[in-house]
Amino acid sequence: QEQLVESGGGLVQAGGSLRLACAASGRAFSAFAMGWFRQAPGKEREFVAAISRSVGATLYAASVKGRFTISRDNAKNTVSLQMNSLKPEDTALYYCAAGQLGTYRANYDYWGQGTQVTVAS
């Protein structure tokens, strides 16, 4: 079982940047693909980005492609999401997830508690 904890959220102006981090405490981190999802008030949780367990293949939602970059460090049991050129519509609670590489919630078995990102216009 993997336990995931997100950090790095906060308040930023439109056009600014934030870097989110997710730390895993389980013993099988390198065996899982890792993903980021987000959920805004009144909206469904949506896919943001994902990365394969070791090879480094990545997936991005069209809305963030070119602005966000996902990466992982298996030696440190962490996955990061670098977010640049942030927009007000990026405002949401961001969740880290572990499972199989994909764009659906059902692809992932373990979830963090979420970290809030707020982008001011």
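**Group meeting talk: a walk through an all-strand model**

Hi everyone, let me start with a single residue: Ser80 is buried, with a relative accessible area of 12%. Before I go on, please keep in mind that what we have here is a predicted model.

So where does Ser80 sit? You can find Ser80 in strand 8, which covers residues 78-83. If we skip residues up to four places away in sequence, Ser80 touches Arg19, Leu20, Ala21, Trp36, Thr69, Ile70 and Ser71.

Now let me introduce another serine, in another setting. Ser52 belongs to the loop between strand 5 (46-51) and strand 6 (58-60). Is Ser52 buried or exposed? Ser52 is buried, because its relative accessible area is 11% and anything under 20% counts as buried. Again leaving out residues up to four places away in sequence, the residues that Ser52 touches are Ala33, Ala57, Arg72 and Leu101.

Let's zoom out to the whole chain for a moment. How many helices and how many strands does the protein chain have? The count comes to 0 helices and 11 strands. Reading along the sequence, you simply get β-β-β-β-β-β-β-β-β-β-β. The radius of gyration is 13 Å, close to the 14 Å that the globule rule gives for 121 residues, so the chain is as compact as a globular protein of that length. If you like to picture a box, the C-alpha atoms fill one of roughly 40 × 25 × 25 Å along the principal axes.

A few more overall values for the chain. Of its 121 residues, 42% count as buried. Among contacts with a separation of 6 or more, 57% are between residues 24 or more positions apart. And the surface? The chain exposes about 6200 Å², with carbon and sulfur atoms supplying 48% of that area.

Next, please find strand 11, residues 115-120, on your screen. Its side chains alternate: Thr115, Val117 and Val119 point to one face and are buried, whereas Gln116, Thr118 and Ala120 point to the other face and are not buried. Which way do the partner strands of strand 11 run? Strand 2 (residues 10-13) runs parallel to strand 11, and 4 bridges join them. Strand 9 runs antiparallel to strand 11, with 3 bridges between them. Val117 is a handy landmark here. Gly10 stands opposite Val117, and Val117 is also the bridge partner of Ala92.

Staying with strand 9, which covers residues 92-99, let's look at Ala97. Ala97 is buried, with a relative accessible area of 0%. Which residues does Ala97 contact, leaving aside neighbours within four places in sequence? They are Leu4, Ala33, Met34, Gly35, Tyr108, Tyr110 and Trp111. For a sense of distance, Ala97 and Tyr60 are 37 residues apart in sequence, and their C-alpha atoms are 14 Å apart in space.

Three aromatic residues turned up in that contact list, including Tyr110, so on to the rings. The structure holds 5 aromatic pairs. One of them joins Phe32 and Tyr110 edge-to-face, at 5.6 Å centre to centre and with 85 degrees between the planes. This pair links distant parts of the chain: Phe32 is in the loop between strand 3 (18-24) and strand 4 (33-39), Tyr110 is in strand 10 (residues 108-111), and the two are 78 residues apart. Phe32 counts as buried at 15% relative accessibility, while Tyr110 is partly exposed at 24%.

Another edge-to-face pair is Tyr108 with Trp111, at 6.3 Å centre to centre and 75 degrees between the planes. Here Tyr108 counts as buried, at 4% relative accessibility, and Trp111 is partly exposed, with a relative accessible area of 26%. Both rings also belong to one aromatic cluster, made up of Phe37, Phe47, Tyr108 and Trp111.

Finally, a charge joins the picture. Over which rings does the charged end of Arg45 sit? One is the ring of Tyr95, with the charged end 3.8 Å from its centre. The other is the ring of Trp111, at 5.2 Å from its centre. That brings Trp111 up once more, as a member of the cluster and as a contact of Ala97.

That's my tour, thanks for listening!

Definitions and conventions:
Residues are numbered from 1 along each chain as its sequence is written. This is a predicted model: local features need pLDDT of at least 70, side-chain atom pairs count only at pLDDT 80 or more; totals for chains, interfaces and linings use all residues. Side-chain values use heavy atoms; hydrogens and water are left out. Rings of Phe, Tyr and Trp (its six-membered ring) pair if their centres lie within 6.5 Å; planes under 30 degrees apart count as stacked, over 60 as edge-to-face and the rest as tilted. Helices (H or I, at least four residues) and strands (E, at least two) are DSSP runs, numbered from the N terminus. Buried means under 20% relative accessible area, exposed over 50%, partly exposed in between (1.4 Å probe, protein chains only). A charge sits over a ring if NZ of Lys or CZ of Arg is within 6 Å of the ring centre and within 35 degrees of the ring normal. Contact means heavy atoms within 4.5 Å. The radius of gyration is taken over C-alpha atoms; the globule rule is 2.2 Å times the number of residues to the power 0.38. Accessible areas come from the Shrake-Rupley method with a 1.4 Å probe; for residues, only the protein chains shown count as cover. Two strands pair if DSSP finds at least two bridges between them.
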